[in-house]
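This briefing is about charged side chains, the partners they pair with and the degree to which they are buried. Please keep the sequence and the coordinates at hand while reading.

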Number of protein chains: 2
Amino acid sequence: MPDAEGHPFVEDMELGAIFAALADPLRRRVVQILACEAQDDTRLCNSFGLPVSKATRTHHFRILREAGLIRQTDLGNGRSNRLRREELEARFPGLIALVLAGGEAAVAPLCVSASAEPDTR
Amino acid sequence: MPDAEGHPFVEDMELGAIFAALADPLRRRVVQILACEAQDDTRLCNSFGLPVSKATRTHHFRILREAGLIRQTDLGNGRSNRLRREELEARFPGLIALVLAGGEAAVAPLCVSASAEPDTR
DNA sequence: ATCCAGGTATGATGTAAATCGTACCTCTGG
DNA sequence: CCAGAGGTACGATTTACATCATACCTGGAT
């Protein structure tokens with residue numbers, strides 16, 4: 001079902017996995033940030049200000065990717081993250097709006113610059 | 001925040017708890033059944049055909065109640081369950097439609113009679 | 001009064017999830 | 001070429017969750 005990089009096809013996305021992914025405040029925050037940015041925004045994993053270690057960050061992005069919420073592109077160094085907006089809207093209309101409606105997933109400013117801080121922690 | 005029976009107020013509902021509750025296929029099924037029935041449908045906990053023990057069933061209904069998805073009324077014996085449809089729609093518009101859009105949470109017929117079977121298991 | 005059906009409460013148990021440290025890989029910039 | 005930044009992989013730990021069995025409570029039917 002998933003492609004080589006672990007992205008499920010739209011028709012294989014599961015609501016259970018989506019909900020499980022969005023149940024975590026950190027992951028929900030990532031989606032919120034991507035969702036409230038302009039079209040096709042692309043950012044690196046470390047640019048979300050997640051208060052966890054690198055290893056844990058990778059873990060969270062994997063969950064998001066495997067649920068189908070984001071599409072990741074390997075740049076060798078760095079990895080770009082993009083919300084799968086249209087696909088999600090087609091398969092689960094209203095999902096993204098809902099995540100946005102949930103209010104800040106309490107961690108930081110959000111739409112404003114979640115600047116990439118050094119790898120503290 | 002919650003009232004005496006453990007129901008959160010609309011304004012206290014949290015998207016995280018909602019998503020966590022709906023991540024489980026059994027609980028999602030309960031919500032689907034309630035959602036696709038007519039207005040203000042009320043059913044007992046054992047009428048959903050959940051393939052788990054009584055204790056586990058109680059557990060799942062507690063999660064649903066504390067997330068704000070259902071409202072339970074104690075009847076002494078038995079306990080009626082009702083989807084908090086309008087309140088949910090006001091707070092998280094599109095949520096219910098989304099759960100329905102997710103397709104059958106693979107367990108049984110669904111909208112058709114999930115008849116109350118004897119307490120096997 | 002009894003019994004039973006529907007639920008809750010309380011542990012116990014097994015599995016899954018979040019977290020981290022460390023080691024490693026891949027590009028880019030001196 | 002070497003150092004460093006961005007990530008992944010692996011193993012360990014700790015916590016949360018789904019599950020059950022058992023004991024108990026409440027109201028309706030017999």
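In this predicted model, B:Glu37 has a relative accessible area of 25% and is therefore partly exposed, since burial would require a value under 20%. Its salt-bridge partner is B:Arg43, and the closest N and O atoms of the two residues lie 3.0 Å apart. B:Arg43 is itself buried, with a relative accessible area of 12%, and the pair belongs to a structure that holds six salt bridges over all chains.

**The pair B:Arg71 and B:Glu87**

- A salt bridge also joins B:Arg71 to B:Glu87, with a separation of 3.4 Å between the closest N and O atoms.
- This pair links distant parts of the chain, for B:Arg71 belongs to strand β2 (residues 70–74) of chain B and B:Glu87 to helix α4 of chain B, the two residues being 16 apart.
- B:Arg71 counts as partly exposed because its relative accessibility is 21%, which does not fall under the 20% limit for burial.
- B:Glu87 is likewise partly exposed, its relative accessible area being 25%.

**The network in chain A**

- Salt bridges that share partners bring A:Arg71, A:Arg84 and A:Glu87 together into one network.
- Within this network, A:Glu87 forms a salt bridge with A:Arg84, for which the closest N and O atoms are 3.0 Å apart.
- A:Arg84 has a relative accessible area of 3% and is therefore buried, whereas A:Glu87, at 25% relative accessibility, counts as partly exposed.

**The surroundings of B:Arg84**

- In chain B, B:Arg84 is placed in the loop between β3 (79–83) and α4 (85–91).
- Although B:Arg84 sits in a loop, the residue counts as buried because its relative accessibility is 3%, a value under the 20% limit.
- When neighbours within four places in sequence are left aside, B:Arg84 is in contact with B:His7, B:Pro8, B:Phe9, B:Val10 and B:Met13, and also with B:Gly68, B:Leu69, B:Ile70 and B:Arg71.
- One of these contacts, B:Val10, is 74 residues away from B:Arg84 along the chain, yet the C-alpha atoms of the two residues are separated by 9.4 Å.
- Another of the contacts, B:Arg71, is the residue that forms the salt bridge with B:Glu87 described above.

How values were computed. Residues numbered from 1 in each chain as written. Chains lettered and ligands numbered in written order. Predicted model: local features only at pLDDT ≥ 70, side-chain atom pairs only at ≥ 80, totals over all residues. Heavy atoms only, no water. Helix = DSSP H or I, 4+ residues; strand = E, 2+ residues; numbered from the N terminus. Buried < 20%, exposed > 50% of the residue type's maximum accessible area, 1.4 Å probe, protein only. Contact = heavy atoms within 4.5 Å. Salt bridge = Lys/Arg side-chain N within 4 Å of Asp/Glu carboxyl O.
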